[in-house]
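Colleague: I have a chain on my screen and some questions about its residues and hollows. Can you take me through them?

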Amino acid sequence: MSPAEARLTEVKSTMSDAEWEQRVNLAAAYRLVALYGWDDLVDTHISARVPGPEHHFLINPYGLMFDEITASSLVKVDLDGNQLSESDYSINPAGFTIHSAVHEVREDAGCVMHLHTADGTAVASCMEGLLPLNQTAQLVTGDLAYHDYEGIALDHDERPRIQKDLGTKNHLLLRNHGTLTVGRSVASAFERMYHLERACTMQVRTRMLGPTAYPVDKLVIEKNEKLVTDPVRSDLRSTKLVWPPLLRKLDRIDPSYRT
């Protein structure tokens, strides 16, 4: 056994199998965000709740690029911001404010993903927000909330307002800031973010073509919005159908996220 393999075995021995599996999935999400070009240097963040009764969650070490993150490098914290695992890095304080707000009140928040993409932020900065202009957007708009910008999220007093604005929704546009999704699993939060980001890009491109989009019947919009109202069914699709091939894609490119 090499020194690296011995170190990995030692790290894994300090946690449950469920926590390690969650770490692998979260590390994969960071790598996929980098792969899709959604990252923002060392900023933005994805968190995942550690299975168990405590509201502990995993988040990225502040100072690593997303394509460097591995399962063992993720930092475990509690809702007070105390780091519960050894790391040479601290965590992003704004990231803690946003993610702890959601994990504190949403028992179903297995994963919370927040990005600053160009198109997502553009739509979040527009008065009209995200419109149900197309099929992809209609998978989002019925489950979408908004939170007004209060500056870089360093003030913990903002957390109750994030909680109130998000409510039971699973997609959030942070006005003048970016996008956020919540999922029962890492897979679910990622698939929701994929649809949200793609819908924002489609809206930006549609608006570039002119002020008028081809209309969609209101009953059709409502029909599509209802397709994603069952969170258990949505999570099952994400974990069983979407996530496995995404992991295979990563394994072909670079499986080091698993270490």
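What follows is a set of short questions with worked answers.

Colleague: What kind of model is this?

Modeller: Keep this in mind for each value below. The model is predicted.

Colleague: Which residues does UniProt list for the domain "Class II aldolase/adducin N-terminal"?

Modeller: The name comes from an unreviewed UniProt entry. Over the stretch concerned, the chain is 35% helix and 17% strand. Its end C-alpha atoms are 34 Å apart. The listed residues are 24–204.

Colleague: Is H45 buried or exposed?

Modeller: H45 sits in strand β1, residues 45–49. Beyond four places in sequence, H45 touches a list of residues that includes Y30, F66, N92, I98 and M113. Its relative accessibility is 3%, and buried means under 20%, so H45 counts as buried.

Colleague: Which side chain makes a polar contact with the side chain of H45?

Modeller: Start from the residues that H45 touches, among them H99, V112 and H114. The polar contact between side chains has a distance of 3.0 Å. The partner of H45 is H99.

Colleague: How far apart in space are H45 and L115, C-alpha to C-alpha?

Modeller: In sequence, 70 residues separate H45 and L115. In space, the C-alpha distance between H45 and L115 is 6.9 Å.

Colleague: Is N170 buried or exposed?

Modeller: N170 lies in a loop, between α6 (159–166) and β6 (171–174). The loop position alone does not settle the question. Relative accessibility does: at 9%, under the 20% cut-off, N170 counts as buried.

Colleague: Which residue has a side chain joined to that of N170 by a polar contact?

Modeller: Leaving out residues up to four places away in sequence, N170 touches R106, D108, D143, L180, T181, V182 and R192. A polar contact of 2.7 Å links the N170 side chain to one of these. That residue is R106.

Colleague: Is D17 buried or exposed?

Modeller: D17 belongs to helix α2, residues 17–35. D17 and P51 are 34 residues apart in sequence, with 9.8 Å between their C-alpha atoms. At 70% relative accessibility, over the 50% cut-off, D17 counts as exposed.

Colleague: What is the phi of L41?

Modeller: L41 is in the loop between α2 and β1. At 59% relative accessibility, L41 counts as exposed. L41 is not a glycine, yet its phi is positive, at about 50 degrees.

Colleague: Is N176 buried or partly exposed?

Modeller: N176 is in the loop between β6 and β7 (178–183). N176 is not a glycine, but its phi is positive, near 60 degrees. Its relative accessible area is 46%, between the 20% and 50% cut-offs, so N176 is partly exposed.

Colleague: Which element gives the most to the lining of the largest pocket?

Modeller: The largest pocket has a volume of about 460 Å³. Of its 19 lining residues, R7, V11, S72, S73 and E86 are the closest to its centre. Both α1 (3–12) and α2 supply at least two lining residues. With five residues, the most comes from α1.

Colleague: How many charged residues does that lining of the largest pocket have?

Modeller: Sort the lining by class. Six residues are nonpolar and six are polar. The number of charged residues is seven.

Colleague: Which element supplies the largest share of the lining of the second largest pocket?

Modeller: The second largest pocket has a volume of about 380 Å³. It has 15 lining residues, and the closest to its centre are L139, H195, V228, S234 and R237. α5 (135–138), α7 (186–208) and α9 (231–253) each supply at least two. The largest share, four residues, comes from α9.

Colleague: How many nonpolar residues are in the lining of the second largest pocket?

Modeller: Take the other classes before the nonpolar one. Six lining residues are polar and six are charged. The nonpolar residues number three.

Colleague: What is the volume of the largest cavity?

Modeller: A search of the whole structure finds one cavity of 30 Å³ or more. Its lining includes I98, H147, Y149, E158, L174 and H177. By class, the lining has five nonpolar, three polar and four charged residues. The volume is about 60 Å³.

Conventions. Residues numbered from 1 in each chain as written. Predicted model: local features only at pLDDT ≥ 70, side-chain atom pairs only at ≥ 80, totals over all residues. Heavy atoms only, no water. Buried < 20%, exposed > 50% of the residue type's maximum accessible area, 1.4 Å probe, protein only. Polar contact = N/O pair within 3.5 Å; in protein donor to acceptor, adjacent residues only side chain to side chain. Contact = heavy atoms within 4.5 Å. 1 Å grid on protein atoms, 1.4 Å probe; cavity = no way out; pocket = protein on both sides within 12 Å on 5 of 7 lines; lining within 4 Å. Points joined across faces, edges and corners; volume = space filled by probe spheres on them. Nonpolar A, V, L, I, M, F, W, Y, C, P; charged D, E, K, R; others polar. UniProt positions renumbered as here; feature names shortened; annotations may be inferred.
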